[in-house]
Amino acid sequence: MSDEWDGFVNELVSTDANYGLSIKFIGRQIDYDDFKRSLEVQNSKRQNPIKLEFRETEIKYEDDKMWGKVREVAEKVKTDRFKKLVDERKGENLKAAYEKFPDDYKKAEENEFNILFVGLYSSGKSTILNALIRHDILPTAQKTCTDRICKIKHNEKLKKNQIRLVYQNNKYNFDNDEECLKKFKEISEKNGDGNIEIQVNLSHLYPKGFENKFKIVLIDTPGVDSGKSSMENNGTNVHKDITLELLKKNNKSMVVFCAEAARYEADSISKFMDDITAQSEKEKGGFKDRYVFLLNKGDNLTFDDDAKTDDEKIKIKKNAFIDYITDNGKRKFVPRIFYISAAVQYWISNVIYNKKNVDSGNNTEMRALEDSYDRFNKIIAKYKDKKYYFAKYADVPGYRKEEYENKFNAEMKKDDKTKAVEIQCGMIAFEDAIKDYIERYAFPIKIQSMLETYEYILDDVSKFIRADTKTLENLKKEMEKNQGIQGKIKKNQEEIERKKGK
Ligand SMILES: Nc1nc2c(ncn2[C@@H]2O[C@H](COP(=O)(O)OP(=O)(O)OP(=O)(O)O)[C@@H](O)[C@H]2O)c(=O)[nH]1
Ligand SMILES: [Mg+2]
């Protein structure tokens, strides 16, 4: 298949056909929007666009309604009448579960949506996070740097410049990045226990209408292959263990795996991939796209083969990476890959937009970041025909790429080179992937977590009361159907992207 392959529409309707396509859709609103947009983009690219008709659209499984139903059942489980039923049962497990239920339920309802940043040391996790949160508060360095887990939590009450750091029950408030970074380093340098929590306003990472539904929590982890970690612990890599443990505990979170575009081979990756593959095989439908792979430091990427076009070279590199992490296809796993340069995004967000003062003497880290920015600009300038560089190869739906291309052209017209370069460096595409993921899955995941807090209790007690569990059974059926449909649409989209890539 060639690059001109445009997906479904062309597959179903031949290029010279003069008939239209009538589509019946049953599913969630968000999937419908996605699907409709994809088909419209495909159609607009045809020489003879056909008439697309969306009819008999049946929007099912509305999140808010489902939330209401799960709550309704939970309230029933809390009643005295129900408690009496539990008391009458003999099982100790049931009683223990029932005792834990209110707390578990409350936690699931308050739901934090975790995004875990894992990967090799010095691959740029902390730099990526600084760019993502629009602050410069996580220490970054060319040597092994992060040595404990740091959680960055959304706090809607904080203003754009405000930061709160929580460590061992102490709260420190800052209104500028420098002070916070200083405190962060001070705590890291002491060999004390405990993880650091940062609170900032992360509104910009939420899709519209989702801010009140859960808290986004970004988690920075130490590099899994860190030399420092092994040396200090008799050769055992504690960092890897911490991270694997975290990965297991957060079996519903989004996982962002970071490596360098030009250096990703390491023994620890293999173990990681085995874990991830095993986990993802257990997961149904769309939850699979909770794993995202970032190939960072794209500004360092060199292409040695002059006979090939730039497009071909990136594709070859991407395929080599896919072969590596899937062990040449042995691991059944479809990775979503994003080439990025966090340094470029960091420079644009913090230095150019936020006007950070970089004249801080002999700062090698800053100089290195600036070098990356310059280098990237040179690459972009060299390829005059390059439209949107890394964003073009990001594993996002086609309509997103259309958006980047249009935006890029508009910025170039306005002669805003910074904004144009920002699109090219790939971070915007990655941020969109986060938003899309949240919009599509975070809420169903929350509902499912709530359901899980009493599913077992209800199953057990159901031997007594049929009426209440009927609601539960229906709910479970709906959840399953819902996931099935998401999975199917996702598969179609992947198919489209895959064929396009060939
Ligand atoms: N050239 C280039 N360098 C980068 C980029 N992103 C990060 N770096 C540099 O890579 C080094 C490591 O970055 P960190 O963000 O500390 O990496 P990390 O993954 O958090 O490292 P650990 O915490 O030690 O695991 C720093 O010197 C960064 O400036 C990038 O996109 N391009
Ligand atoms: Mg780090």
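The exercises below, each with a worked solution, concern a predicted model of a protein with a bound ligand.

**Exercise 1. The surroundings of ligand 1**

Determine which residues come nearest to ligand 1, how the shell around the ligand divides by class, and which helices supply it.

Solution. Begin with the shell itself, which holds 26 residues, of which K125, T127, C145, T146 and E365 come nearest to ligand 1. Next, sort the shell by class, which gives 14 polar, seven nonpolar and five charged residues. Finally, turn to the helices: α6 (125-133), α12 (342-353) and α13 (364-382) each supply at least two residues of the shell, and α13 gives the most, with four residues.

**Exercise 2. Polar contacts and burial of ligand 1**

Identify the polar contacts that S122, D299 and E365 make with ligand 1, and state what percentage of the exposed area of the ligand the protein buries.

Solution. Take the oxygen atoms of the ligand as the starting point: a polar side-chain atom of E365 lies 2.6 Å from an oxygen atom of ligand 1, while a polar backbone atom of S122 is 3.0 Å from an oxygen atom of the ligand. On the nitrogen side, a polar side-chain atom of D299 is found 2.8 Å from a nitrogen atom of ligand 1. Then consider the area, for ligand 1 taken alone exposes 650 Å², and the protein buries 96% of that.

**Exercise 3. Helix α6**

Decide whether α6 is largely enclosed or open, and describe the residue that follows this helix.

Solution. The criterion for a buried residue is a relative accessible area under 20%. Nine of the nine residues of α6 meet this criterion, so the helix is largely enclosed by the rest of the structure; among them are K125, T127, N130 and I133. After the helix comes R134, whose phi is positive, near 60°.

**Exercise 4. T221 and the nonpolar core**

Establish where T221 is placed, what its side chain reaches, and which residues have the most contacts inside the largest nonpolar core.

Solution. First locate T221, which belongs to the loop between β8 (215-220) and α8 (227-232). T221 is buried, because its relative accessible area is 1%, and its side chain reaches the backbone oxygen of F117 at 2.7 Å. F117 leads on to the largest nonpolar core, a set of 125 residues in which F117, I198, L218, F338, F430 and Y454 have the most contacts. Helix α17 (residues 427-461) gives the most to this core, with 19 residues, and the core draws at least three residues from each of domain 1 (63-109 + 441-485) and domain 2 (112-145 + 218-435).

Key: Residues are numbered from 1 along each chain as its sequence is written. Chains are lettered from A and ligands numbered from 1 in the order in which they are written. This is a predicted model: local features need pLDDT of at least 70, side-chain atom pairs count only at pLDDT 80 or more; totals for chains, interfaces and linings use all residues. Side-chain values use heavy atoms; hydrogens and water are left out. A residue is near a molecule or strand if one of its heavy atoms lies within 4 Å of it. A polar contact is a pair of N or O atoms within 3.5 Å; within protein, one must be able to donate a hydrogen and the other to accept it, and residues adjacent in sequence count only if both atoms are side-chain atoms. Accessible areas come from the Shrake-Rupley method with a 1.4 Å probe; for residues, only the protein chains shown count as cover. Ala, Val, Leu, Ile, Met, Phe, Trp, Tyr, Cys and Pro count as nonpolar, Asp, Glu, Lys and Arg as charged, and the others, Gly among them, as polar. Buried means under 20% relative accessible area, exposed over 50%, partly exposed in between (1.4 Å probe, protein chains only). A nonpolar core is a set of buried Ala, Val, Leu, Ile, Met, Phe, Trp, Tyr and Cys residues joined through side-chain atoms within 4.5 Å. Domain bounds come from an automatic or database domain assignment.
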